[in-house]
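Biologist: Please take a close look at the aromatic rings of this model and at the charges placed over them. A connected account in terms of geometry and exposure would be appreciated.

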Amino acid sequence: MKKQILFFCFFVSVLRANPSPIPVLYGSEDLLKKENSIFSPEKKKDKKDKIPVIWGGSSLTQEERTINGFPVKVFVLGGGAYIMHKTIKLSAREIEIIGEDALIGNLKGQVVVEDFQNGVTLTASKGVYDKMAGTVSLENNPVLNQKKDGKVVKIQCQSIVRYLEEAKTNLAGKVVVTSDEFQVFGEDAVFSEKEDRIDLAGEPFLFSENRFLIGKTLSYFVKEGSIQLDGDATIYQVSYENKKDKEKDTTTKERVVTLFTGKTLTHQNKGKETITSMNGDAFMYRTSSEFKANLLESRRNNKDIKATGNVSYLDRDNGYRMEGGLLSYDKDKGYSYLTENPRIVFLDKKELSERGQLTAVFLERFDERFEVVARGNVQVETQTATATGEYATYHEKRDELVMEGNPTLVKDNTKVSAGKIILFPKSDKAFLTDGLKVIPNGEKK
């Protein structure tokens, strides 16, 4: 008995003489082998109980408690209290350790979880460490910060469950994800660092500069800075674009609102290049135009656009609609190319009712000149006439279509040819010049 008292006095004197060093305490492997263990036999066989857990602090108190009818040792650590789960450090102002193996740890005040390998730090006011489950649960508006590969992500929510060895985090309640590029708001999220992915459900929405996105589910790939938005994806965007007035020779900034919808939106960062695509019933709306396709792809901040499958472009200002299977557009060059059974539908500007159409092998549009050039087997149908030729040029502002390359015109059962045929599709007028010739019925030109 005297030896025990002397040993206790010596231990206390060491603590008082050296208060600054943090004592390192290793859990015993014998706790699970005791008959009065509070854990079930199945958990005794769990490999996770073999994980060596280091814990300590600058102050320590020990007591015996009865939990579920069994006596258990409880250690209360203070002043720099911590638990090491492999390479992951859990620290708090005070930690209550249940059992020598730190099977349960109640973290209280200034809780910090540091996963050095994955560049993740979690903070909260309280938490619970569960060695057997390999988790730490944090409450009271915890925050997750990740700094990795030059990317910084901050996630705030109401509660967090962190799976320490899987590097996976479940976040619940008013989740807010903030990066250098945008903010995402949702109800629940799963963050997997190994997959470099954050998944949000419950119709999350995303804010970035002059842009708002919403869908049923959203996935954010942190390292790439890429986004995938599924389920009735919608983009609302405000931009300011140059508008030229040729008569006054001036250029002004015009505020343009764009609504973009579809089934799945994908935004990918590939080095310096970004690709935004809308797949499935893609639809882009502006007050002056509408754009539809099965798939729309945008590069270089909407400067390069590619549309495939049931492509339709409606120009309200100039009263026509372009349709086809494949369209590419270069904004810097002001050039569009449409192929795969392309056609132009001429529309009445006020009612947008059809007044005629043009078909060809392919169509080209030049923004600066407000012209569309049709090449190969060109055929134009108006209300009362049909014209054919090798190529044609449509001047949008004047509603004037010039047909060239052995053109012919059929009207009132009369077929004529000329060096050039000028049509006004919406007003259903035609002029023939340069060698007018009437072709008798049955005669081929």
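Modeller: In this predicted model, the charged end of R369 sits over the ring of F366, at 4.3 Å from the ring centre. A charge also lies over a ring at Y82, where K89 is placed over the face at 5.8 Å from the centre.

The ring pairs come next. The structure holds 13 aromatic pairs. In one of them, Y335 and F366 are tilted, with 5.5 Å from centre to centre and 55° between the planes. This pair links distant parts of the chain, since Y335 belongs to strand β24 (residues 335–339) and F366 to strand β27 (residues 362–366), 31 residues apart. Y335 is partly exposed, because its relative accessible area is 24%. F424 and F431 also form a pair: their ring centres are 5.9 Å apart and their planes stand at 90°, so the arrangement is edge-to-face. Within this pair, F424 is buried, with a relative accessible area of 17%, which falls under the 20% cut-off. F431, by contrast, is partly exposed, at 48%.

Ring pairs also link F185, F205, F207 and F212 into a cluster.

Aromatic side chains appear on the surface as well. Y236 and Y285 join L259 in a nonpolar surface patch, and together the three have about 250 Å² of accessible area. L259 is located in strand β19 (residues 250–270). With a relative accessible area of 32%, L259 is partly exposed, and it can therefore belong to a patch, for which over 30% is required.

Definitions and conventions:
Residues numbered from 1 in each chain as written. Predicted model: local features only at pLDDT ≥ 70, side-chain atom pairs only at ≥ 80, totals over all residues. Heavy atoms only, no water. Patch = residues over 30% accessible without salt bridge, like charges linked within 9 Å, V, L, I, M, F, W, Y side chains within 5 Å. Areas by Shrake-Rupley, 256 points an atom, 1.4 Å probe, with all protein chains shown as cover. Salt bridge = Lys/Arg side-chain N within 4 Å of Asp/Glu carboxyl O. Helix = DSSP H or I, 4+ residues; strand = E, 2+ residues; numbered from the N terminus. Buried < 20%, exposed > 50% of the residue type's maximum accessible area, 1.4 Å probe, protein only. Phe/Tyr/Trp six-rings, centres within 6.5 Å; stacked < 30°, edge-to-face > 60°. Lys NZ or Arg CZ within 6 Å of the ring centre and 35° of its normal.
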